[in-house]
Amino acid sequence: MGIEDLVDRMDAAGDALAGASTTLSLSEPGARAFGADAAGGAGELGRALPREFATALAARGREAAAHGARLADTAQALRLVADSYRGAEDETKRAPGLGGT
């Protein structure tokens, strides 16, 4: 695997995490899934749980988006380093006494 393959895989992982952050925010099942329509204490708990669940999903979505952005930034930095390395390698090949003529 070359550096470009690694960079492409990092970009893809970053995109997947960014997509997951959006998907997480859309996966709220609603209060009824937690038993909010039940009577008594169970219903009270069922009405409270969706708020906690939505808060947790939002936090995980923000984390996924942040990690995706970090991966994209890292991939970009690796691209720049690889380009600089190739440039230095090309110059060395052309330099007299260092592989060039």
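This report walks through the two helices of the model above and the contacts between them. The model is predicted, so local features need pLDDT of at least 70 and side-chain atom pairs count only at pLDDT 80 or more, while totals for chains, interfaces and linings use all residues. Residues are numbered from 1 along each chain as its sequence is written, and side-chain values use heavy atoms, with hydrogens and water left out.

Let's start with helix H2, which covers residues 40-94. Helices here are DSSP runs (H or I, at least four residues), numbered from the N terminus. The 55 residues of H2 reach 82 Å from first C-alpha to last, close to the 81 Å expected at 1.5 Å a residue; that expected span is 1.5 Å times one less than the number of residues. Within H2, Arg51 and Ala72 are 21 residues apart in sequence and 32 Å apart in space, C-alpha to C-alpha.

The buried residues of H2 include Gly43, Pro50, Leu57, Gly61 and Ala64. Buried means under 20% relative accessible area, exposed over 50%, and partly exposed in between (1.4 Å probe, protein chains only). What covers these buried residues includes H1. By contrast, Arg51 of H2 counts as exposed because its relative accessibility is 55%.

What does Ser21 of H1 touch, beyond its neighbours within four places in sequence? Ser21 is in contact (heavy atoms within 4.5 Å) with Gly61, Ala64 and Ala65. Ser21 counts as buried because its relative accessibility is 13%. Its side chain also reaches the backbone oxygen of Ala18 at 2.6 Å.

Now for the charged pairs. A salt bridge is a side-chain nitrogen of Lys or Arg within 4 Å of a carboxyl oxygen of Asp or Glu, and the whole structure holds 6 of them. Three of these are listed here.

| Acidic residue | Basic residue | N to O distance |
|---|---|---|
| Glu4 | Arg86 | 3.2 Å |
| Asp8 | Arg79 | 3.8 Å |
| Asp37 | Arg32 | 3.9 Å |

Glu4 in helix H1 and Arg86 in helix H2 are 82 residues apart, so their salt bridge links distant parts of the chain. Asp8 lies in H1 and Arg79 in H2, so this pair ties together parts that are 71 residues apart in sequence. Asp8 is partly exposed at 43% relative accessible area, and Arg79 is also partly exposed at 22%. Both Arg32 and Asp37 are exposed. Shared partners join Glu4, Asp83 and Arg86 into one salt-bridge network.

Conventions:
Polar contact = N/O pair within 3.5 Å; in protein donor to acceptor, adjacent residues only side chain to side chain. Helix = DSSP H or I, 4+ residues; strand = E, 2+ residues; numbered from the N terminus.
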